[in-house]
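This briefing accompanies the structure displayed below. It is intended to be read alongside the sequence and the three-dimensional view.

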Amino acid sequence: MLETSGSPVFNCQGVFQGYRGIARDITERREIERLKDEFVSVVSHELRTPLTSIRGALGLLANGVLSTQPEKGQRMLDIALNNTDRLVRLINDILDIERIESGKVTMTRQACDAANLMIQSADTMRDMAEKAGVTLSVSPVATRLWADPDRIIQVLTNLLSNAIKFSPEGSTVWLTAELVRSEQVERNSSLELLFQVKDRGRGIPSDKLETIFGRFQQVDASDSRKKGGTGLGLAICRSILQHHGGEIWAESILGEGSTFYFTLSVLPSESAVAIADSNNPLVLVCDDDPSIRDVMQAMLEKQGYRSVAVASGQAALEQAAAQLPDAILLNLMMPGMHGWETLAILKQQPSTQKIPIIILSGLLPDAREVPHPGISDWLVKPPEQQLFKALERALNGSDRHTRVLVVEDDLDLAQVLIAMFERYGIETYYAQTGREAIQMSQRVIPDLLVLDLVLPECNGFTVVDWLRQHNRLCQVPLVVYTAKDLDDCERERLKLGQTLFLTKGRITPEEFERRVIKLLNWVIRGRKEDSNHDSQTDFDR
Ligand code: ADP
């Protein structure tokens, strides 16, 4: 926006020469004026209205209404009290939004659990819902977010309070959430949590669905009087979410209700988890008893395996050929096709003959059946921890070599480490980023992890956080090999199985090798005791 001014110019004989003009860019000045006008109108309207009520009520009380007309006096006191509350809310909201928008309030983002935030917010609002005769229905979703928990609770409570305010008595307000793939960052496959607050209230006209997110905007001018709001709540919500890189919007059908949505990005490791989980080994469970199928699937999934279950030998043949599972758990005594027959066909078919099969039977094997060339293991129902040992054996082969996963983004250093391990005949795997480390760990189940902390995608702390939550990986021995001197708190966060902290530059390569190999020897001895396999000997220098 420009402001121009001009004046005529004459020469010394007084002859008109033309105009001299100045043009000024007044965009910023206009914006300041607009803000000033808005502030004045807010102060005059929003603040004056409750102040007028307070002043009026107190004036009557001062004139002795309380003693002459106690009921009226009490009503005046209530009015003064309510309007004082409203004034306090308004001032807090105005200051809040100013501080958030000017960046004076920094969001202290941290890892937090969405389910917790949902439950806490609902608990805060339960009283209000009960008073309004509205049922609150919450379906918490346990997903880790990177957010400022207090601010997200502020958003949730504001949306819940609106939903309750505008709902009829006897209706329900729902708070739910679901994981969705982010549209903007499709390439990185990042995930977002989409929160929803839904009511069956009066609804919002379509032309107001966007404007209500502006300051002091209400659908109906009487809303603030009748419902006690300030018209700032949604503007604050939008501001908070913008600072989190999230979005907020509303959908509504007049007379039927409204749904408010907002998104928050999920902690990077959670995205990696969802992707990495599809790498988990797949186990096919074949048993005619539905309760055994359910229990086995639950046990497998808890341990980090994927599973499919079928009720007959015939279905096992079909699913094994279609899905090529990593292992099959097979019952023997089944109606129709017997387990032995199923086993024989699976071992004949080229596509399925290499899949390890574990017999899961109510009977002990007799001497003629084991060792059987087609069977990896024989478990008697109900199987407990030996199920997972049998699966690890089946998936890794009995002559499994010791495996080390090196996670290091510096390629040169990685090569030096890999060469060192290979000198001992150790099978060495390599991941360059945090996400690769998570995916590779799933596939390899290493005997030792050598981990740098500063990594692309997600850092070493996130990798350890993730591994800790997975039964098959939470005990993996770990060597944290970093340039950073770690404090006690960081060391505590990084503990996995047996954990060593070695600082790059502080320890010689020889010392590194000595300590890591010592740890590996300790690991192998533990494994030998576990499985009675003695094929592996200690690594000697
Ligand atoms: P307020 O403090 O007035 O609630 P908000 O910014 O939170 O301020 O909401 C602005 C306006 O949007 C409300 O006054 C109301 O007119 C409308 N609104 C918000 N949520 C709902 C809802 N769930 N149902 C109907 N109208 C709503």
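**Surface patch and overall architecture**

Phe-10, Phe-16 and Tyr-19 together make a nonpolar surface patch of about 400 Å². The model in which this patch appears is predicted. Its protein chain contains 17 helices and 19 strands, and 46% of its 541 residues count as buried.

**Patch residue Tyr-19**

- Tyr-19, one of the residues that make the nonpolar patch, lies in strand 2, which covers residues 16-25.
- Tyr-19 has a relative accessibility of 66% and therefore counts as exposed, the cut-off for that class being over 50%.

**Chain-wide values**

- The accessible surface of the protein chain amounts to about 28500 Å², and carbon and sulfur atoms account for 51% of that surface.
- When contacts between residues at least 6 apart in sequence are considered, 64% of them join residues at least 24 apart.

**Nonpolar cores**

- The largest nonpolar core comprises 54 residues, among which Leu-145, Phe-195 and Phe-262 touch the most other members.
- Helix 5, spanning residues 149-165, gives the most to this core, with a contribution of eight residues.
- Because domain 1 (29-101) and domain 2 (110-271) both give residues to this core, the core lies between them.
- A second core, separate from the largest one, has 26 residues, including Met-440, Leu-455, Cys-458 and Leu-496.
- Leaving aside residues up to four places away in sequence, Leu-145 is in contact with Gln-110, Ala-111, Cys-112, Ala-114 and Leu-117, among others.
- Also among the contacts of Leu-145 under that exclusion are Leu-193, Phe-195, Leu-264, Ser-265, Val-266 and Leu-267.

**Helix 10, helix 11 and Thr-342**

- Helix 10 covers residues 313-323, and its buried residues are Gly-313, Ala-315, Ala-316, Leu-317 and Ala-320.
- These buried residues of helix 10 pack against strand 10 (282-286), strand 11 (306-310), strand 12 (327-330) and helix 11.
- Leu-324 follows helix 10 and has a positive phi, near 40 degrees.
- Thr-342 is located in helix 11, which runs over residues 339-348.
- The relative accessibility of Thr-342 is 0%, so this residue counts as buried, the class requiring a value under 20%.
- With residues up to four places away in sequence not counted, Thr-342 touches Gly-313, Ala-316, Leu-317, Leu-330, Met-334 and Met-337.
- Among these contacts, Gly-313, Ala-316 and Leu-317 also appear in the list of buried residues of helix 10.
- Thr-342 and Leu-317 are 25 residues apart along the chain, and their C-alpha atoms are separated by 7.1 Å.

**Salt bridges**

- The structure holds 18 salt bridges.
- One of them is formed by the side chains of Glu-513 and Arg-423, with an N to O distance of 3.1 Å.
- That pair links distant parts of the chain, 90 residues apart: Glu-513 belongs to helix 17 (residues 509-531), and Arg-423 belongs to helix 13 (residues 411-423).
- Glu-513 counts as buried because its relative accessibility is 8%, whereas Arg-423 counts as exposed because its value is 61%.
- The side chains of Glu-490 and Lys-484 also meet in a salt bridge, with an N to O distance of 2.6 Å.
- Glu-490, at 16% relative accessibility, counts as buried, while Lys-484, with a relative accessible area of 37%, is partly exposed.
- A further salt bridge joins Glu-492 and Lys-495, whose closest N and O atoms are 3.4 Å apart.
- Glu-492 is partly exposed, with a relative accessible area of 48%, and Lys-495 counts as partly exposed at 39% relative accessibility.
- Elsewhere, Glu-3, Arg-24, Arg-29, Arg-30 and Glu-33 are joined into one network by salt bridges that share partners.

How values were computed: Residues numbered from 1 in each chain as written. Predicted model: local features only at pLDDT ≥ 70, side-chain atom pairs only at ≥ 80, totals over all residues. Heavy atoms only, no water. Core = buried A, V, L, I, M, F, W, Y, C linked by side-chain atoms within 4.5 Å. Buried < 20%, exposed > 50% of the residue type's maximum accessible area, 1.4 Å probe, protein only. Helix = DSSP H or I, 4+ residues; strand = E, 2+ residues; numbered from the N terminus. Domains from an automatic or database assignment. Contact = heavy atoms within 4.5 Å. Patch = residues over 30% accessible without salt bridge, like charges linked within 9 Å, V, L, I, M, F, W, Y side chains within 5 Å. Areas by Shrake-Rupley, 256 points an atom, 1.4 Å probe, with all protein chains shown as cover. Salt bridge = Lys/Arg side-chain N within 4 Å of Asp/Glu carboxyl O.
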